[in-house]
Amino acid sequence: SVSAHLVMEQSWPLFHKAIVQSGAFPSWGAHSWEAALRNYDRTIRGLACDAASGFATEEQQISCLTAKDWQDVATAGASVGVPCRDGCPWAPVVDGVELVDFPMRRVEEGQHATGKPLIMTSTEDDGATYRLLSICLI
């Protein structure tokens, strides 16, 4: 999520320092709009908040979801089968408005917060790619 804020121009005035721990700009750290819609559809079906259960409009579906216990929503969301290293169905979404592209692409294009102190780190055995990326960006 910190990586997402570092590439979302609207977020830049809201922070003056950042710490990225365990996964700087990972490919699995955001979802496409299409993947997010698939996750939503699977989640509302899993919680019986879909049209087949009598919730025809998005407003009704959202009301149904917000009336559910958070643990039920988390469990339904975790079972959507998102292809990601840590099973991250609730990652930021590339919506074309706030997050206009995947964070790593934004960094590659130079579209990221600059002039702000940044610490990027990982824990032991967190993954060699994170350490490599941290070294490359420093």
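This is a short walk through the structure, one selection at a time.

**Stop 1: the whole chain**

Start with everything shown, and keep in mind that this is a predicted model. Try colouring by pLDDT: the average over the protein chain is 83, and 80% of the residues score at least 70. Next, switch to a cartoon view and look for 6 helices and 4 strands. If you trace the chain along its sequence, they come in the pattern α-β-β-α-α-α-β-α-β-α.

**Stop 2: two helices to compare**

Which elements have the lowest and the highest mean pLDDT? Select residues 128-137 for helix α6, which has the lowest at 50. Then pick residues 58-67: that's helix α3, with the highest at 96.

**Stop 3: surface and inside**

Turn on the surface for a moment. The protein chain exposes about 8600 Å², and carbon and sulfur atoms supply 57% of that area. Now think about what's hidden: of the 138 residues in the chain, 36% are buried. As for contacts between residues with a separation of 6 or more, 61% of them join residues 24 or more positions apart.

**Stop 4: helix α2**

Hide the surface and select residues 33-46, which is helix α2. This helix has 14 residues and reaches 20 Å from its first C-alpha to its last, close to the 20 Å expected at 1.5 Å a residue. Show side chains for Ala35, Ala36, Asn39, Thr43 and Ile44, the buried residues of α2. Why do these residues sit on the same side of α2? Look down the axis and you can see it: they cover an arc of only 165° around it, which puts them on the same side of the helix.

Before moving on, click alanine 48, just after α2. Its phi is positive, about 55°.

**Stop 5: the disulfide**

Now show cysteine 49 and cysteine 64 as sticks; they form a disulfide, with their sulfur atoms 2.0 Å apart. What does this pair tie together? Cysteine 49 lies in the loop between α2 and α3, while cysteine 64 is in helix α3, so the link connects parts that are 15 residues apart in sequence. A disulfide, by the way, is a covalent bond between the sulfur atoms of two cysteines.

Zoom in on the S-S bond: the angle about it is -70°, and the link is left-handed. Are its two ends buried or exposed? Cysteine 49 is buried, with a relative accessible area of 0%. Cysteine 64 counts as buried too, at 8% relative accessibility. The count for this model comes to 1 disulfide, so the tour ends here.

Technical notes:
Residues numbered from 1 in each chain as written. Heavy atoms only, no water. pLDDT = per-residue confidence, 0-100. Expected span 1.5 Å × (residues − 1). Buried < 20%, exposed > 50% of the residue type's maximum accessible area, 1.4 Å probe, protein only. Arc of directions from axis to C-beta. Contact = heavy atoms within 4.5 Å. Areas by Shrake-Rupley, 256 points an atom, 1.4 Å probe, with all protein chains shown as cover. Disulfide = S-S within 2.5 Å.
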